[in-house]
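Work through the following exercises with the coordinates open. Each task is followed by a solution in steps.

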Amino acid sequence: LTAGENVYIKRKSSPLSENFAQMSIGSMARDGGNLILSKKEKEDLLTSFPRLSSVIKPLFGSEEFIQGKERWCLWIEDEDREFCEGISEIKKRIQSVYEFRINSKAKTTNQYASIPHKFAQRCYNNYNSPIIIPSTSSEHRKYIPVGYLNKGSVVTNSANVVYDSHPYLFGVITSRIHNIWVKAVGGRLETRIRYAKELVY
């Protein structure tokens, strides 16, 4: 508690500073797990079909980034769909995504059955060194665990991402003062920090 008037922080869809790049929530699959690959699944597919390297991308959410877990995903654009569906394993996965979405009780998920080869909600740019900001992290850290990813990485909706940013932005987000700000006005999951970009960025 601090002395003074009550101050209410309102949500804002864009950064206060025009010099800050836009931060976005990562991509949401809503795929029943069918577009997600383990390291072994990725390696097996590439051994049999090396051309799939163009549609298999590293996948990062909060857990993957903080704990160093390795996952991959199928990121299939419309022009790649015919080729991918010519591979029985990929065609089976796409069909399973369709069935998962069309049978969902959520009407919004049903609508995404028309694009079963894609993540339902996509936020991806092929820029160099995107910055990942986990949505949830420990309150015991002095700094928010933020990092650079390699070009071509897909960030899930369990994290936030900034594409095409300047290095100084990394310094701002990882600063102690920003961590204090986030703890003061951001949300919480139990006692853990919730990085709500509309409130704290």
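Cys123 is buried, with a relative accessible area of 14%; buried means under 20% relative accessible area, exposed over 50%, and partly exposed in between (1.4 Å probe, protein chains only). The model is predicted: local features need pLDDT of at least 70, side-chain atom pairs count only at pLDDT 80 or more, and totals for chains, interfaces and linings use all residues. Residues are numbered from 1 along each chain as its sequence is written, and side-chain values use heavy atoms, with hydrogens and water left out.

**Exercise 1. Cysteines**

Task: determine how many disulfides a search of the whole structure finds, and examine Cys84 and Cys123.

Solution.
- Step 1. Apply the criterion, a pair of cysteine sulfur atoms within 2.5 Å. The search of the whole structure gives zero disulfides.
- Step 2. For Cys84, the nearest cysteine sulfur belongs to Cys73 and is 12 Å away, and Cys84 is in no disulfide. Cys84 is buried, at 0% relative accessibility.
- Step 3. For Cys123, the closest cysteine sulfur is also in Cys73, at 13 Å, which is too far for a bond.

**Exercise 2. Salt bridges**

Task: count the salt bridges, then place the pairs Glu64 with Arg71, Asp78 with Lys118 and Arg81 with Glu85.

Solution.
- Step 1. The rule asks for a side-chain nitrogen of Lys or Arg within 4 Å of a carboxyl oxygen of Asp or Glu. The count under this rule is ten salt bridges.
- Step 2. Between Glu64 and Arg71 the closest N and O atoms are 2.8 Å apart. Glu64 is buried at 7% relative accessibility, whereas Arg71 is partly exposed at 33%.
- Step 3. In the salt bridge of Asp78 with Lys118, the closest N and O atoms are 3.2 Å apart. This pair links distant parts of the chain, 40 residues apart: Asp78 is in the loop between strand E4 (71–74) and helix H3 (81–85), and Lys118 is in the loop between helix H5 (107–111) and strand E5 (131–134). Helices (H or I, at least four residues) and strands (E, at least two) are DSSP runs, numbered from the N terminus. Asp78 is partly exposed, with a relative accessible area of 47%, while Lys118 is buried at 12%.
- Step 4. Arg81 and Glu85 meet in a salt bridge at 3.1 Å, N to O. Both lie in helix H3, four residues apart, about one turn of the helix.

**Exercise 3. Aromatic pairs**

Task: find how many aromatic pairs the structure has and classify Tyr148 with Phe170 and Trp75 with Phe119.

Solution.
- Step 1. Rings of Phe, Tyr and Trp (its six-membered ring) pair if their centres lie within 6.5 Å; planes under 30 degrees apart count as stacked, over 60 as edge-to-face and the rest as tilted. A search of the whole structure finds six aromatic pairs.
- Step 2. Trp75 and Phe119 have ring centres 5.1 Å apart and planes at 50°, so the pair is tilted. Trp75 is in the loop between E4 and H3 and Phe119 in the loop between H5 and E5, 44 residues apart. Both residues are buried.
- Step 3. Tyr148 and Phe170 are stacked, with 4.8 Å centre to centre and 10° between the planes. Tyr148 lies in strand E7 (residues 147–148) and Phe170 in helix H6 (residues 167–173), so the pair ties together parts 22 residues apart in sequence.
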